[in-house]
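Reader: I have a structure open on my screen and would like to learn how to read it. Could you walk me through a few features?
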Amino acid sequence: MGERRRVIQKPSGKFYKTAQPALDNDSTWEGVDACWTDVNHDGHPDLVIASGGNEYYGKDPYLLPRVYLNDGKGNLSRKQDAFDNIYMTSSCVVPFDFNGDGYIDLFIGGRAVPWEYGQPPRSYLLQNDGTGKFTDVTAARAKELSYAGFVTQALWFDIDKDGDKDLLVCTEWGGIYAFINDKGTFTKKVLTDKKGWWNFILPCDINNDGLTDLVVGNLGLNSRLKASEKEPVRLYYNDFDGNGKKEQVLTYYLGGREIPFANKMELEKQMPVLKKRFLYAEDFARASLQQLFTAEKLETAEVLQANYFSNAVLVNKGNLQFDVQALPWQAQLTPYRDAVVVDANGDKLPDILLVGNYYENNIEMGRYDADYGTLLVNKGNHQFEVENINKLQIKGQVRHIRPVTIAGRQAFVLAKNNDSAMVIQFAPQH
């Protein structure tokens with residue numbers, strides 16, 4: 001996994017590395033998200049890392065989240081007892097003192113169950129005892145949050161404007177939800193029931209009407225998979241071949257007919273029994289879904305589905321009611337994984353910088369690499385024009401983008417998968 005270091009900024013805007021042996025010693029862990037927050041209330045920001053990946057399963061210690069305490073001089077040491085029995089493939093970790101006791105608590109979103117994709121993962125609302133040791137209080141404070149879905153991102157934001165932060169969650173194979181905070185207990189509110197492969201949520205009042213809208217990332221429309229209410233993309237999860245282990249069957253519609261996405265050879269690797277039942281490719285191609293997998297197996301399968309793949313804006317109509325508005329077609333060419341609000345032209349309307357791409361698809365799907373950084377220039381009335389970033393190409397798979405101040409000027413740090421971090425900055429306006 002390589003060496004871990006913390007990078008410190010000097011007043012000049014230059015950065016230098018500090019060695020962090022505690023992080024280097026834990027380099028086997030796959031960190032998927034992290035946050036700085038003071039977990040032990042000593043005035044120094046500590047590091048919390050959520051673990052993920054699909055290499056480990058069960059109660060493997062590499063699935064535990066981690067806390068690294070800061071001694072006040074920038075030196076980190078791992079707190080060994082921070083979490084008890086929280087083994088998970090995570091997607092995100094976001095801090096907030098949800099019970100108002102003065103100590104920072106956490107939400108950790110569950111991305112999937114290792115080696116059992118299709119089985120709903122656990123997510124956790126974790127209460128801090130004041131020392132940086134966290135206890136699962138999900139069942140007591142937010143029962144509907146335990147199995148919120150295949151969580152891809154979450155953030156704390158006061159969406160109902162009552163003075164306390166609510167938890168916004170987006171999911172794969174599901175909708176976008178707000179868990180409304182009422183004095184530390186939470187109730188689920190569906191912000192959109194359109195089921196997508198949602199990747200991120202960015203709160204932003206795009207039309208300056210005082211109501212917070214949400215820019216949301218999805219799969220996009222430049223894919224072999226097309227989804228609609230009438231013809232959704234589905235994932236069937238069941239033991240189709242009777243070997244004691246459940247398999248996944250992804251389907252989509254082509255010419256009005258629901259068919260498996262995987263070809264005959266791929267399905268036979270997963271379920272060898274199909275080779276005997278369909279000797280010839282022509283017979284396989286003509287077979288219905290029920291003939292391939294039997295009606296009984298399909299009816300008893302757990303079924304996930306998606307019916308909306310556009311990158312979009314959820315326009316706030318008031319009273320937590322949102323209209324879903326697709327972004328222009330130029331912003332549908334790739335899955336977007338994150339975004340930030342920028343001011344590209346000084347007109348006081350918030351513009352949006354989108355980043356994304358995803359390479360780890362199979363050959364039949366092809367990698368998603370069409371984006372080099374996309375700027376949504378706000379024209380008012382919920383309308384955007386799409387522009388490329390002038391004289392700059394953001395290549396690679398950007399997973400996160402965050403604002404940072406460098407020598408008094410705003411810049412943005414981009415975290416890429418299997419690549420170096422990148423820093424970009426708007427040129428000064430003269």
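Reader: Let me begin with the rings: how many aromatic pairs does the count come to?

Author: First, a word on the source: this is a predicted model, in which local features need pLDDT of at least 70, side-chain atom pairs count only at pLDDT 80 or more, and totals for chains, interfaces and linings use all residues. Residues are numbered from 1 along each chain as its sequence is written, and side-chain values use heavy atoms, with hydrogens and water left out. Rings of Phe, Tyr and Trp (its six-membered ring) pair if their centres lie within 6.5 Å; planes under 30 degrees apart count as stacked, over 60 as edge-to-face and the rest as tilted. By this rule there are 15 aromatic pairs.

Reader: How are the rings of F98 and F186 placed?

Author: Their centres are 6.1 Å apart and their planes stand at 80°, so the pair is edge-to-face. This pair links distant parts of the chain, 88 residues apart: F98 is in the loop between β7 and β8 (105-112), and F186 is in strand β13 (residues 185-197). Strands (E, at least two residues) and helices (H or I, at least four) are DSSP runs, numbered from the N terminus. Both F98 and F186 are buried, a word that means under 20% relative accessible area, while exposed means over 50% and partly exposed lies in between (1.4 Å probe, protein chains only). Ring pairs also join F96, F98, W156 and F186 into a cluster.

Reader: W156 makes me curious about the interior. Which residues have the most contacts inside the largest nonpolar core?

Author: The general idea is that in soluble globular proteins, nonpolar side chains tend to be buried together. A nonpolar core here is a set of buried Ala, Val, Leu, Ile, Met, Phe, Trp, Tyr and Cys residues joined through side-chain atoms within 4.5 Å. The largest has 18 residues, and F107, L125, L145, W156, L167 and F179 have the most contacts inside it. Two or more residues each come from β7 (89-96), β11 (150-157) and β12 (166-182), with β12 giving the largest share, 4 residues. A second, separate core has 17 residues, including I201, V216, Y308 and L314.

Reader: Now the sheets. In what order do the strands of the open sheet of 4 strands come?

Author: Strands of a sheet pair through backbone hydrogen bonds, either parallel or antiparallel. Two strands count as paired if DSSP finds at least two bridges between them. The order here is β3-β4-β5-β6, with antiparallel pairing. At the edges are β3 (31-37) and β6 (76-78), each pairing on one side only. Strand β4 (residues 46-51) is joined to β5 (residues 66-70) by 3 bridges, and I49 has R66 as its bridge partner in β5.

Reader: I always check redox state at the bench. How many disulfides does the structure hold?

Author: A disulfide is a covalent bond between the sulfur atoms of two cysteines; the cut-off is a pair of cysteine sulfur atoms within 2.5 Å. The structure holds 0 disulfides. For C35, the nearest cysteine sulfur is that of C92, 10 Å away. For C92, the nearest is that of C170, 7.9 Å away. C35 is buried at a relative accessible area of 10%, and C92 is buried at 2%.

Reader: One last item: is N381 buried or exposed?

Author: N381 is exposed, with a relative accessible area of 59%. Its phi is positive, about 55°, although N381 is not a glycine, and N381 lies in the loop between β24 (374-380) and β25 (383-388).
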